[in-house]
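Thank you all for coming; I would like to take a few minutes to walk through one structure with you, slowly, for those who have not met it before. Please have the sequence and the model in view before I begin.

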Amino acid sequence: SEMWCVPEYCVERGHPAEKILDVAKRRNADLIVLGAHAGSGAPGAATHLGSATVHNVVSQAHCPVLTVRV
């Protein structure tokens, strides 16, 4: 089977959540895909604490965000 779209990637420097959101907005992204480590400590810490990159991206993104456990 063929890919129906061409994935794009880039490398930027700065605060991760801010850069991810900035690039997604500039490129008019249809989807943001993030790898997320299983949280240690409190359940849901990786996605529900305000300081987590994943939380900030998911809560502020203008498009859907797919998180993949790595």
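With which residue does Arg-26 form a salt bridge in which the closest N and O atoms are 3.0 Å apart? The partner is Asp-22, and before I go further I should say that what we are looking at is a predicted model. As for how these two residues are placed, Arg-26 and Asp-22 are both in helix H1, four residues apart, and so they are separated by about one helical turn. Asp-22 counts as partly exposed, at 32% relative accessibility, while Arg-26, at 52%, counts as exposed, the cut-off for that word being over 50%.

Arg-26 has another partner as well, since its side chain also meets that of Glu-12 in a salt bridge, with 2.8 Å from N to O. That pair links distant parts of the chain, with Arg-26 in helix H1, which covers residues 16–26, and Glu-12 in the segment before H1, 14 residues apart. Glu-12 itself counts as partly exposed, with a relative accessibility of 35%.

If we stay with Glu-12 for a moment, we find that its side chain also meets that of Lys-19 in a salt bridge, this time at 3.8 Å from N to O. Lys-19 is partly exposed too, its relative accessible area being 28%. Taken together, Glu-12, Lys-19, Asp-22 and Arg-26 are linked in a network of salt bridges, and a search of the whole structure finds three such bridges. As a general remark, side chains of opposite charge can pair when their charged atoms come close.

Let me now step back to the chain as a whole. It has three helices and two strands, and if you read along the sequence you will meet them in the pattern α-β-α-α-β. The chain has 70 residues, of which 19% count as buried. Among the contacts between residues at least 6 apart in sequence, 59% join residues at least 24 apart.

With that in mind, I would like to return to helix H1 and ask how its axis lies against the axis of helix H3, residues 53–60. The two axes come within 8 Å and cross at roughly 30 degrees, and because angles under 35 degrees count as roughly parallel, H1 and H3 are described as roughly parallel to each other. Their crossing is right-handed. On the H1 side the contact is made by Pro-16, Ala-17, Ile-20 and Leu-21, and on the H3 side by Thr-53, Asn-56, Val-57 and Gln-60. When the residues of this contact are sorted by character, five are nonpolar, three are polar and none is charged.

Finally, let me point to His-15, which is placed in the segment before H1 and is partly exposed, with a relative accessible area of 42%. Although His-15 and Thr-53 are 38 residues apart along the chain, their C-alpha atoms are separated by 8.9 Å, and Thr-53, as you will recall, is one of the residues of H3 that make the contact with H1.

Terms used. Residues numbered from 1 in each chain as written. Predicted model: local features only at pLDDT ≥ 70, side-chain atom pairs only at ≥ 80, totals over all residues. Heavy atoms only, no water. Salt bridge = Lys/Arg side-chain N within 4 Å of Asp/Glu carboxyl O. Buried < 20%, exposed > 50% of the residue type's maximum accessible area, 1.4 Å probe, protein only. Axes fitted to C-alpha atoms, helices over the stretch in contact; angles between N-to-C directions. Parallel < 35°, antiparallel > 145°, perpendicular 65-115°, else oblique. Left-handed = near helix turned anticlockwise from the far one by under 90°. Contact = heavy atoms within 4.5 Å. Nonpolar A, V, L, I, M, F, W, Y, C, P; charged D, E, K, R; others polar.
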